Amino acid sequence: MGFPKNLARDKALVAGQKTYDTGERCHAGHLSPRRTDSRRCCECQRIASRKYAKAHKEQNRQRTHVWYHTLAGERKANLIKYRVDYYAANRERLIENSRIYYHEHKECKDEI
Ligand SMILES: [Zn+2]
């Protein structure tokens, strides 16, 4: 069966773009770009990703923990350097975001 021809996607594939616009709504009603690789609506993808992350929070936390603690040598040094450089380059923005997040969630503190 396959998919119908889609000129916008073909152009995006040739141009190496990650997304393309169809100008049409997805099955859920979003007027959002589509992913070139999967043809999926970006908004539907975002919602599904958040839902998955929420449902697998502990599993992801453990996987990340194992990944981080098995990092060694140059890879670990590169990660630490990346984090230090990123913080230095974005310090003010990170502090401001943290302040905003705290004030928006301070009443949620007891729920955690
Ligand atoms: Zn959608």
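This section describes the fold of the protein chain, its helices and a few chosen residues.

The structure is a predicted model. The protein chain holds 4 helices and 2 strands, and these elements follow one another along the sequence in the pattern α-β-β-α-α-α. The domain assignment divides the chain into domain 1, covering residues 7–53, and domain 2, covering residues 73–112. A distance of 29 Å separates the C-alpha centres of domain 1 and domain 2.

The overall dimensions were examined next. Along its principal axes, the C-alpha trace of the protein chain extends over about 50 × 40 × 30 Å. The radius of gyration of the protein chain is 20 Å, whereas a compact globule of 112 residues would have a value near 13 Å. Burial in the protein chain amounts to 4% of the 112 residues. Among contacts with a separation of 6 or more, 9% join residues that are 24 or more positions apart.

Within domain 1, which spans residues 7–53, helix α1 comprises residues 7–15 and includes Ala12. Ala12 has 20 other C-beta atoms within 10 Å; because a residue counts as buried when 20 or more such atoms are present, Ala12 is classed as buried. When residues up to four places away in sequence are left out, Ala12 touches Gln17, Tyr20 and Thr36. By contrast, Arg91 is 79 residues from Ala12 along the chain, and the C-alpha atoms of the two are separated by 36 Å.

The loop between β2 (34–35) and α2 (42–55) contains Arg39. Although Arg39 is not a glycine, its phi is positive, at about 70 degrees. The surroundings of Arg39 comprise 13 other C-beta atoms within 10 Å. This count lies above the limit of 12 for an exposed residue and below the 20 required for a buried one, and Arg39 is therefore partly exposed.

Helix α3 consists of 14 residues, numbered 57–70. At 1.5 Å a residue, α3 should span 20 Å, and this agrees with the 20 Å between its end C-alpha atoms. Helix α3 is hardly covered, as 0 of its 14 residues are buried. The loop between α3 and α4 (73–105) includes Ala72. Ala72 is exposed, since 8 other C-beta atoms lie within 10 Å and a count of 12 or fewer defines that class. Ala72 and Val14, which are 58 residues apart in sequence, have C-alpha atoms 39 Å apart in space.

Helix α4 departs from a straight form. A straight helix of 33 residues would span 48 Å at 1.5 Å a residue, but the end C-alpha atoms of α4 are only 38 Å apart. A bend of about 80 degrees occurs in α4 at Asn90. The number of buried residues among the 33 of α4 is 0, so this helix lies largely in the open. One residue of helix α4 is Lys81, which is exposed, with 10 other C-beta atoms within 10 Å. Lys81 and Ser32 are 49 residues apart along the chain, and their C-alpha atoms are separated by 36 Å.

Key: Residues numbered from 1 in each chain as written. Predicted model: local features only at pLDDT ≥ 70, side-chain atom pairs only at ≥ 80, totals over all residues. Expected span 1.5 Å × (residues − 1). Domains from an automatic or database assignment. Rg over C-alpha atoms; globule rule 2.2 N^0.38 Å. Contact = placed C-beta atoms within 7 Å. Bend = angle between axes of the 7 residues up to and from the residue.
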